[in-house]
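I wanted a quick look through this one before doing anything else with it. These are my notes from the session, in the order I made them.

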Amino acid sequence: MGVSNEQQKFIDATGKVILCACPGSGKTYTVAHKLALYLKNWNQSHKGIAALSFTNIASEEIQKQVKSISSIDISYPHFIGTIDSFLNQYIFLRYAHLLTGQVKRPYLSQSNIEMNFRWWKTECHRNGCVKQIEQFRWSVDGNTYKNSNLVNCDEGIHGRPCDQYKNLLIKKGIFFQNDVSYICREILKEFPQIAKALSERFPIILLDEAQDTSKEQMEVMDLLSNSGVKTFCIVGDPDQSIYEWRNASASCFLNKIEDKNWETLYLNENRRSSQAICNATKYFSKILEAKTANIAVGDDKNFHQKPELILIKKDTCKEDVFKYFLDRCVCLNIEHNYKNIAILTRGRIHQNTDVKQLWRSLEIEMLAKATYQWHYGSRKEAYNLCFRSLYLMFVGELYDSKSGLEFEIEKKISLDMWKDTCLNLVCNLPSSEIALLVWVDHIKNLLKELEFPLPFRDGHSVADVIKIKSRDTNIPDFKSFPLKYYFQKKIETDVTISSIHGVKGETFEAILLYAPSTTGSTITRKNLTTGDLENEHNRAAYVAMTRPRKYLAIALKKPSSKSELPLNRFPPEIWRYTEI
């Protein structure tokens, strides 16, 4: 399928442009075509295009499609990567010293920093704030937030302890990624010549997945846009904004649509799903609230199967629901494999693993992550986590670059011996298949067997740093779950089992959204039927519903009263109702 008229309109557009793209509209394909056209005709040696996205995966997909379309590799003078990496490289790391007065380059910490600080209150310890300072950030509205939650505890005479502590870290040149967007905004506001220089360096900026940007990130983009950028394209879909917990705000995108200084274009043709699915998902889209459904134009546009609402009876277990769904896939001639079929949940894929303040030290949390990475992810990342965990145990706080940490290590021990110990540790990490409590015992024994030539710092022992929560009234058996359950986000065996976030941007033949909860902060029957469409849980459901080509099923608890049927937003002329 070639470039449509809708897509060509965006490819040709210049100036300040918004592209609101429905699911399955070929958004990445369209952005890649526009980028390839620019690259083909580019003749400036030291000015380039900045192609930004929210995740590395999205950036890599754009790069892959540009290569497929044009055979061009994106390299200097251009930039392709995440918005975070762009801000880090071109603003924060270069210019943060202008605000802080620090001579040395700022240090971006990937984890919490614990330093001597006597002003913490009892509630700071009780709420876990002391060990989660990396989650705190300052916002353009003048408030402090812990992730997306407003911090409203008493400021006292000297201010909140969390604000004081962050100021202490900043004076030492220590920052977290959460701080970067706000700091970059402050830099560009105080030093507009930097924004001007960047707009000359990158006269064309394409911002993909813009619905997932934060207010601070969007303000930085506005400062660049208003400083001379010739063409600034913002691409996304506010209905698919599902990263509020990472400070994303769909309102930034929606405000741009209303701004008369920006030209708004739409991609309304769905190349992925059947028309039956498009008709059903329209009821869950804020953008389509007063419009008709998206038009299916792909190969499966006429697939006959209605989306299915599975109502779960009181005594039905999830295995029965999954079996019914998979049997339906067989009936619809959908081949049974993980590339075709996915079962999606909101949040963690393993139940009862969201244990608050599970890890009682940063050292054990790092070793737990290292164990999972060693067996299922990046072995390089596993080594780095072990390196940092051992540093915390035996040397000092993590507030320097790796080279800086190595410098401190060599004051105490030869670097070769240190690296040998790290390798010994990472190569002998226990299985992540074993129960959490058993894993803890294995790690304690492993650290004792290492016979490390340095003593634990501050007079600590293995028992002081390798410890987890002792009990949890809500999840009493949490220690019996395999360690991997606390980190697994996606399983690909016979079928894909994943969180919704784990499949964003992917396509399947069939999807089951399993949402049996009736209460709590998650996708519930009440949320789906009467909840605000701009609620993040409903947007997450919308993302899940728009993944399949042929067959969409949603499993909800059956209402106790027949008078509640048919459910609002699930009209029976569009949905097939089934009770299990």
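What follows is a set of short entries on helices, charges, rings and a few single residues.

**Before starting.** I am working from a predicted model, and I kept that in mind throughout.

**Helix α13.** I began with α13, which runs over residues 318–331 and has 14 residues. From its first C-alpha to its last I get 20 Å, close to the 20 Å expected at 1.5 Å a residue. Which residues of α13 are buried? My list reads V321, F322, Y324, F325, L326, R328 and C329. I then looked up what these buried residues pack against, and found five strands named: β14 (308–312), β15 (341–345), β18 (508–514), β19 (548–557) and β20 (576–579).

R328 caught my eye on that list, being an arginine among the buried residues of α13. I found R328 over the face of Y551, at 6.0 Å from the ring centre.

**Just past α13.** I checked the backbone after the helix and noted a positive phi of about 60 degrees at N333. Next I went to E335, which sits in the loop between α13 and β15. Is E335 buried or exposed? It is exposed, at 57% relative accessible area. Setting aside neighbours within four places in sequence, I have E335 in contact with N340 and I341. I also took a long distance from here: the C-alpha atoms of E335 and E200 are 52 Å apart, with their positions 135 residues apart along the chain.

**Salt bridges.** A search of the whole structure gave me 29 salt bridges. I looked at a few by hand.

- D222 and K256 meet through their side chains at 2.9 Å, N to O. D222 belongs to helix α10 (residues 215–225) and K256 to helix α11 (residues 250–258), so this pair ties together parts that are 34 residues apart in sequence. I have D222 as partly exposed at 23% relative accessible area, while K256 is buried at 8%.
- R549 and E509 form a salt bridge, with the closest N and O atoms 3.1 Å apart. This pair also links distant parts of the chain, since R549 is in strand β19 and E509 in strand β18, 40 residues apart. R549 comes out partly exposed at 30%, and E509 counts as buried at 15%.
- R457 and D458 meet at 3.3 Å, N to O. Here D458 is exposed at 61% relative accessibility, whereas R457 is buried at 18%.

I also wrote down a network of salt bridges that links K27, D208, E209, D212 and K504.

**A buried arginine with no partner.** R525 lies in helix α20 (residues 525–530). What is the nearest side chain of opposite charge to R525? I found E564, 4.0 Å away, yet R525 is buried and has no salt bridge. I listed the contacts of R525 beyond four places in sequence: S517, T518, L556, K557, K558, P559, E564 and L567. So E564 shows up there as a contact too.

**Rings.** I ran the aromatic search over the whole structure and got 25 pairs. Which residues do ring pairs link into a cluster? I have Y383, F387, F394, W418, F452 and F456. I made a note of another charge over a ring as well: K166 lies over the face of W138, at 5.4 Å from the ring centre.

**Two loop residues.** I finished with a pair of loop positions. S432 is in the loop between α17 (415–427) and α18 (436–449), and I have it as buried, with a relative accessible area of 1%. Leaving out neighbours within four places, S432 is in contact with T371, H375, Y376, P482, L483 and K484.

N261 is in the loop between α11 and β11 (263–267). N261 is exposed, at 58% relative accessible area. I took one more C-alpha distance here: N261 and C153 are 40 Å apart, at 108 residues along the chain.

Terms used. Residues numbered from 1 in each chain as written. Predicted model: local features only at pLDDT ≥ 70, side-chain atom pairs only at ≥ 80, totals over all residues. Heavy atoms only, no water. Helix = DSSP H or I, 4+ residues; strand = E, 2+ residues; numbered from the N terminus. Buried < 20%, exposed > 50% of the residue type's maximum accessible area, 1.4 Å probe, protein only. Lys, Arg positive; Asp, Glu negative; His and termini not counted. Contact = heavy atoms within 4.5 Å. Expected span 1.5 Å × (residues − 1). Phe/Tyr/Trp six-rings, centres within 6.5 Å; stacked < 30°, edge-to-face > 60°. Lys NZ or Arg CZ within 6 Å of the ring centre and 35° of its normal.
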